[in-house]
Amino acid sequence: MATKRLLLIISVVVPLIRLQQPAQATESQTKPVNYTESQAQPVAEDTLRRQNWSLSVDEWSRYKSLMQGIRGSISPASISPIEVLGTHARTNQERRRYAEIWARMRHDDAERILAFQQAYAEAFQTLYPNEPLIDLARLKSNTPAKPTLASGERLLVFLQIKHCPACETLVQRLLQQPAFKTQQIDLYFVDTQPQRDDGLIQQWAKQQPLDSARLKQGLITLNHDQGNFFKVTQQLVGTMPQVFKLSGQTLEDLRL
């Protein structure tokens, strides 16, 4: 009788065990792994930054490692990954490669800035054709400086050809100074474009006291700016006129 009772208990318990085991196993196998948004966002942003700089995973890892050392402690926050990797290049070939990448990026960015600068100048003159960018009457008048030029030095004069009486006044004053009679003066018009505005420059020149002999000798040149103002000042826009003295590779801002 006892044997029958034992068999009865076993026959009831064993099926219950079999029913419970698959349920536990299924629960552990199908339980999802949840990542919070705060955990995933930094990873996605880091990947996006790496892709924006066109760097491989290894390059990006090395850049981040370098920024944990002296480079990150003494460099400005705006330093680019390309500059970091180029500065810490391990071979001359690697250094040249990063230098070429950086040069192309800076060149392309300068082209974009210059295109926007030209669009801005045209938009301003379209919207406000009779309004100067700066009201010169509100500026304090200073005694004009009397700079001199040594042999081989030259003046770079940046002007607006439209709506800039101060530009014409400055040019006339420069041409009348004895110190500049035999030195080169290069005039750059920041609001003109080649071919389109050639006639406008010629018309402007006829209205100024320009020495035809100096023009023929190249001591006075008339030029479209074509980005030179940005290269000299690193400024998108500026108040005209502006004058710089070029001595060899050195530029000096003259407050005339």
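Select D186 first: at 1% relative accessibility, this residue counts as buried, because the limit for buried is under 20%. The model on screen is predicted.

**Strands β1 and β2**

Keep D186 selected and add R154. Their side chains form a salt bridge, with 2.6 Å from N to O. D186 belongs to strand β2 and R154 to strand β1, so the pair links distant parts of the chain, 32 residues apart. R154 is partly exposed, at 28% relative accessibility.

**The largest nonpolar core**

Next, select L155, V157, F158, L159 and W204. Of the 29 residues in the largest nonpolar core, these touch the most other members. To see what surrounds them, colour β1 (154–159), α7 (165–176), β2 (184–189), α8 (198–206) and β4 (242–247), the elements that each give two or more residues to this core. In soluble globular proteins, nonpolar side chains tend to be buried together.

Now centre on F158. Leaving aside neighbours within four places in sequence, its contacts include Y188, V190, D225, N228, F229 and V232. M240, P241, Q242 and F244 are also in contact with F158.

**Q242**

From F158, move to Q242, which sits in strand β4. Is Q242 buried or exposed? Q242 is buried, with a relative accessible area of 15%. A polar atom of the Q242 side chain lies 3.1 Å from the backbone oxygen of T239. Not counting residues up to four places away in sequence, Q242 touches L156, V157, F158, F229, T233 and Q235.

**The second core**

Select L55, L66, V84 and I101. They are among the 10 residues of another core, which lies apart from the largest one.

**Salt bridges among the helices**

The structure holds 8 salt bridges. Side chains of opposite charge can pair when their charged atoms come close.

Show D46 and K64, whose side chains meet in a salt bridge at 3.4 Å, N to O. D46 lies in helix α2 (residues 37–52) and K64 in helix α3 (residues 57–66), so this bridge ties together parts that are 18 residues apart in sequence. D46 is partly exposed at 24% relative accessibility, and K64 is partly exposed at 38%.

Then show R97 and E59, with a salt bridge of 2.7 Å, N to O. R97 is in helix α6 (residues 92–127) and E59 is in helix α3, so the pair connects parts 38 residues apart in sequence. R97 counts as partly exposed at 38% relative accessibility, whereas E59 is buried at 15%.

Finish with E122, R196 and D197, which are joined into one network by salt bridges that share partners.

Technical notes
Residues are numbered from 1 along each chain as its sequence is written. This is a predicted model: local features need pLDDT of at least 70, side-chain atom pairs count only at pLDDT 80 or more; totals for chains, interfaces and linings use all residues. Side-chain values use heavy atoms; hydrogens and water are left out. A nonpolar core is a set of buried Ala, Val, Leu, Ile, Met, Phe, Trp, Tyr and Cys residues joined through side-chain atoms within 4.5 Å. Buried means under 20% relative accessible area, exposed over 50%, partly exposed in between (1.4 Å probe, protein chains only). Helices (H or I, at least four residues) and strands (E, at least two) are DSSP runs, numbered from the N terminus. Contact means heavy atoms within 4.5 Å. A polar contact is a pair of N or O atoms within 3.5 Å; within protein, one must be able to donate a hydrogen and the other to accept it, and residues adjacent in sequence count only if both atoms are side-chain atoms. A salt bridge is a side-chain nitrogen of Lys or Arg within 4 Å of a carboxyl oxygen of Asp or Glu.
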